[in-house]
Amino acid sequence: MTVTRVRESLTYREDSLQLRLGPDGTFRLRLDTLSRPTELALLHGEHRFALFVEPGDSVHLSFDGQQPEASLRYAGRGASLNNYLAELDRQGLLAGFDLSPMGQGIAHADTLRHRAEQFRRQRQHLLHRAAAAGPLSGAAQRFARFATDYEWAGALLRVPAEYRYERGRPLPGLSPAYYDFLRRVPVPQDSALAVTDYRLFLMAYLGHTLRQRAAGPLPANAAQTDRAYLAAARVAFGSSRSRDYVLARLLYELLLFRRLSEAEPYLADFLRLNRDSTLARIIRREFAARRQFAPGQPAPPFALRDSSGQEVTLSSFRGKVVYLDFWATWCRPCLEEMRAAPALYRRFAGRPEVAFVAVSLDHDALAWRRWVRRNGQPGVVYVHAPGLEAPVATSYRIKGIPSYWLIGPDGRIVDSAPPRPSQPLEVRKAIEQATRSAPAAVARR
């Protein structure tokens, strides 16, 4: 049994603790340092249980190891809300609207509105039942209400945006009046910042606000888009703590998916506006860590297995320019880039000074092998590492995928965020520039 807690809501860093079961199948966890209501997760094999605890709680849980979800029950102080969370899980309502049966196959705004309301009412009904069965603290009630309301509102924003992204056209039935639901949720709501659903809603709300302001397609230029998002956050959230979180999140995502030089100009402005010392500390730390991957720094070494079981090391490509791609079969943006990549591979076919290495971060190695058998391209080296927690992912500080890297023939970083395959002219130019030093390096081998 493992218990985990999100230590940093900005980076989603987790603390985990292994719990040993006694001979009678019981365990005990005492949280002496708990100072505020906290979301935890209990992991038992492939099963994950949500747990909400407050200072002073004494929660007892029991379940049958053969049917954990069906049999999970809580007792003691703090049990009511956790029984509510367990019931949400059993009914497929805990993971969110998008992953529930109600959120599938939506092709019209009226359908979305109806199902989202049904989702919200069902969660509210179960909360009323939980309150009738046992006392709910004020903090527990607020947590449950915020989680339901902002998941509901976030889904009503996300689904149309995802539909447009996937289909290239607006969700049928969408009109300006559709967004009247936003009047029913306070924005910003700083007291909800500890709730994951609210933080996710903030990012969806920011995207919606920016699209409304633009009244058309967002700028194609990445730098213009970055500036637009940061400016929109200041307008949408005023001087609230929610604004500070959103600005920090945007900066963090710039560090994940842009070059350090593209994120650096916004750091001073964030530090001037921000009033949250914890967010400032995290952002400073992440910038310092990213500077370790500046051009000219050594690329972290790795040794991974390809689909035939052969070991592949970074050093085996010494003398070549390496275009490194971290991806996974479950990652939709990754697969879209993979569909654009064959043209890039063909462009450099027969060029011994260039190597393409695709590092799958799938936990499911079988899914990765199936994908490679069906879709693998000639000349590409496909290797596997199990998840974002794998050593190669942590050494490259991979927090989101796809993530691309360009490594020179000397094993040093050329670019930690080069153009992607979907940017054919830009990526070809970047690789060609990197190969200018490759022939001499190949000759020395």
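**Close-up views of the rings, the sheet and the salt bridges**

**View 1. Y205 is a buried residue, with a relative accessibility of 17%.** The cut-off for buried is under 20%, so Y205 makes it in at 17%. A quick heads-up: this is a predicted model. Searching the whole structure turns up 21 aromatic pairs. One of them joins F201 and Y205, tilted at 35° between the planes with the ring centres 5.6 Å apart. Both residues sit in helix α5 (residues 196-214), 4 residues apart, which is about one turn of the helix. F201 is buried too, because its relative accessibility is 0%.

**View 2. Y205 also pairs with F237, again in a tilted arrangement: 5.8 Å centre to centre and 45° between the planes.** Here the partners come from two helices, Y205 from α5 and F237 from α6 (residues 222-237), so the pair ties together parts that are 32 residues apart in sequence. Which of the two residues are buried, Y205 or F237? Both are. Zoom out a little and ring pairs link F146, Y150, Y198, F201, Y205 and F237 into a cluster.

**View 3. Two arginines sit over aromatic rings: R145 over F146 and R120 over W152.** The charged end of R145 is 5.1 Å from the centre of the F146 ring. For R120, lying over the face of W152, the distance to the ring centre is 4.2 Å. F146 does double duty, as it also belongs to the ring cluster of View 2.

**View 4. Seven strands make an open sheet with mixed pairing.** Reading across, the order goes β8-β7-β11-β10-β9-β12-β13. At the edges are β8 (311-313) and β13 (413-415), each pairing on one side only. From one strand to the next, the twist averages 40°. In general, strands of a sheet pair through backbone hydrogen bonds, either parallel or antiparallel. At the β13 edge, β12 (residues 403-407) and β13 go antiparallel over 2 bridges, with D415 in β13 as the bridge partner of L406.

**View 5. Helices α12 and α14 meet the strands.** Helix α12 (residues 365-375) lies across β7 (303-306), β9 (321-327), β10 (354-360) and β11 (380-384), and runs at about 170° to β11. Helix α14 (residues 424-435) packs on the sheet as well, touching β9, β10, β12 and β13. Its direction makes about 140° with that of β9.

**View 6. E8 and R285 form one salt bridge in a structure where a full search finds 27.** The closest N and O atoms of E8 and R285 are 2.7 Å apart. How far apart in sequence are the parts that this pair ties together? The answer is 277 residues, because E8 lies in strand β1 (residues 2-8) and R285 in helix α10 (residues 277-290). E8 is buried at 5% relative accessibility, while R285 is partly exposed at 25%.

**View 7. Two further salt bridges are D57 with R77 and D269 with R272.** For D57 and R77, the closest N and O atoms are 3.7 Å apart. D57 is in the loop between β4 (47-53) and β5 (58-62), and R77 is in strand β6 (residues 73-77), 20 residues apart. D57 counts as partly exposed at 23%, R77 as exposed at 53%. D269 and R272 meet at 2.4 Å, N to O, and both lie in helix α9 (residues 267-273), 3 residues apart. R272 is exposed, at 60% relative accessibility. Elsewhere, shared partners join E8, R13, R285, E286 and R397 into one salt-bridge network.

Key: Residues numbered from 1 in each chain as written. Predicted model: local features only at pLDDT ≥ 70, side-chain atom pairs only at ≥ 80, totals over all residues. Heavy atoms only, no water. Phe/Tyr/Trp six-rings, centres within 6.5 Å; stacked < 30°, edge-to-face > 60°. Buried < 20%, exposed > 50% of the residue type's maximum accessible area, 1.4 Å probe, protein only. Lys NZ or Arg CZ within 6 Å of the ring centre and 35° of its normal. Pairing = 2+ DSSP bridges. Axes fitted to C-alpha atoms, helices over the stretch in contact; angles between N-to-C directions. Contact = heavy atoms within 4.5 Å. Salt bridge = Lys/Arg side-chain N within 4 Å of Asp/Glu carboxyl O.
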